[in-house]
Amino acid sequence: MNTDYIFLNPAPMPYLTDCDYKKFEPNEYHISRIVDFFVLIFMLRGSLHFIEDDVSVSVQEGEWYIQRKNLLQDADRPSTGKNIASAIKMQLQDLCFYYIRFLFISKVQNQPYTLQN
């Protein structure tokens, strides 16, 4: 049984820092980084592959995932688009997703709040 859970406490509310639409080119790798914010990913097309804290993660079309802050995120293989049939030929459709970067700020201490797992 998987015991890895993320508990979202309703207070304090998340603080949005940034959001955007991201499109990967064919055979593009996830960036290697350690960030001080959480990232909520909504996959629209393709499969996003990365390693987070030495654990391989794949987020598929229609799925969502929260990348946790202060963990090494890297990639051991490229993320992939989706093959679609066209009237002329098979073509690779780009991988794309929305992301939302956020933090939790404690109203009492004005200090960063963490997700509990």
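**Figure 1. Y65 and its aromatic partner F50.** Y65 is partly exposed in this predicted model, with a relative accessible area of 21%. That value lies in the range between buried, under 20%, and exposed, over 50%. F50, in contrast, is buried, and its relative accessible area is 1%. The ring centres of F50 and Y65 are 5.6 Å apart and the ring planes meet at 70 degrees, so the pair counts as edge-to-face; planes over 60 degrees apart fall into that class. F50 belongs to strand β4 and Y65 to strand β6, which covers residues 64-67. The two residues are 15 apart along the chain, and their pair links distant parts of it.

**Figure 2. F38 and F104, an aromatic pair between strands β3 and β10.** The count of aromatic pairs in the model is six. One of them joins F38 and F104, whose ring centres are 5.9 Å apart. The planes of these two rings stand at 70 degrees, so this pair is edge-to-face. F38 lies in strand β3 and F104 in strand β10, with their positions 66 residues apart in the sequence, so to speak a link between distant parts of the chain. F38 counts as buried because its relative accessibility is 3%. F104 is also buried, at 3% relative accessibility. Together with F102, the residues F38 and F104 form one aromatic cluster.

**Figure 3. The hairpin of strands β4 and β5.** Strand β4 spans residues 47-52 and strand β5 spans residues 55-60. They pair in the antiparallel sense, and six bridges join them. Which residue of β5 is the bridge partner of H49? The partner is S58. L48 is bridged to V59 in β5, and E52 stands opposite V55. Two residues lie between the strands of this hairpin. D53, in the turn, has a positive phi of about 55 degrees.

**Figure 4. The open sheet around β4.** Four strands make up an open sheet, in the order β2-β7-β4-β5, with antiparallel pairing. Why is one side of β2 and of β5 left without a neighbour in the sheet? Strands β2 (33-34) and β5 stand at the edges and each has a single partner strand, so one side of each has no neighbour there. β4 is joined to strand β7 (residues 72-74) by two bridges, and these strands run antiparallel. In β7, Q73 stands opposite E52. In a regular strand, side chains point alternately to the two faces of the sheet. Five of the six residues of β4 are buried, and the strand is mostly covered.

**Figure 5. I51 and its surroundings.** I51 is placed in strand β4. Leaving aside residues up to four places away in sequence, I51 touches S56, L72, Q73, D74, A75 and D76. The C-alpha atom of I51 is separated by 8.8 Å from that of H30, a residue 21 places away along the chain.

**Figure 6. The second largest pocket.** How much space lies in the second largest pocket? The volume is about 210 Å³. The lining of this pocket consists of 14 residues, and those closest to its centre are K22, H30, I31, R33 and F97. Strands β1 (14-24), β3 (38-45) and β10 (95-105) are the elements that give two or more residues to the lining. β10 supplies the largest share, three residues. By class, eight of the lining residues are nonpolar, two are polar and four are charged.

**Figure 7. The chain as a whole, for orientation.** How many helices and strands does the chain have? There are zero helices and eleven strands. From the N terminus on, the elements run β-β-β-β-β-β-β-β-β-β-β. The chain has 117 residues, of which 31% count as buried. Among contacts between residues at least 6 apart in sequence, 68% join residues at least 24 apart.

Methods. Residues numbered from 1 in each chain as written. Predicted model: local features only at pLDDT ≥ 70, side-chain atom pairs only at ≥ 80, totals over all residues. Heavy atoms only, no water. Pairing = 2+ DSSP bridges. 1 Å grid on protein atoms, 1.4 Å probe; cavity = no way out; pocket = protein on both sides within 12 Å on 5 of 7 lines; lining within 4 Å. Points joined across faces, edges and corners; volume = space filled by probe spheres on them. Nonpolar A, V, L, I, M, F, W, Y, C, P; charged D, E, K, R; others polar. Phe/Tyr/Trp six-rings, centres within 6.5 Å; stacked < 30°, edge-to-face > 60°. Buried < 20%, exposed > 50% of the residue type's maximum accessible area, 1.4 Å probe, protein only. Contact = heavy atoms within 4.5 Å.
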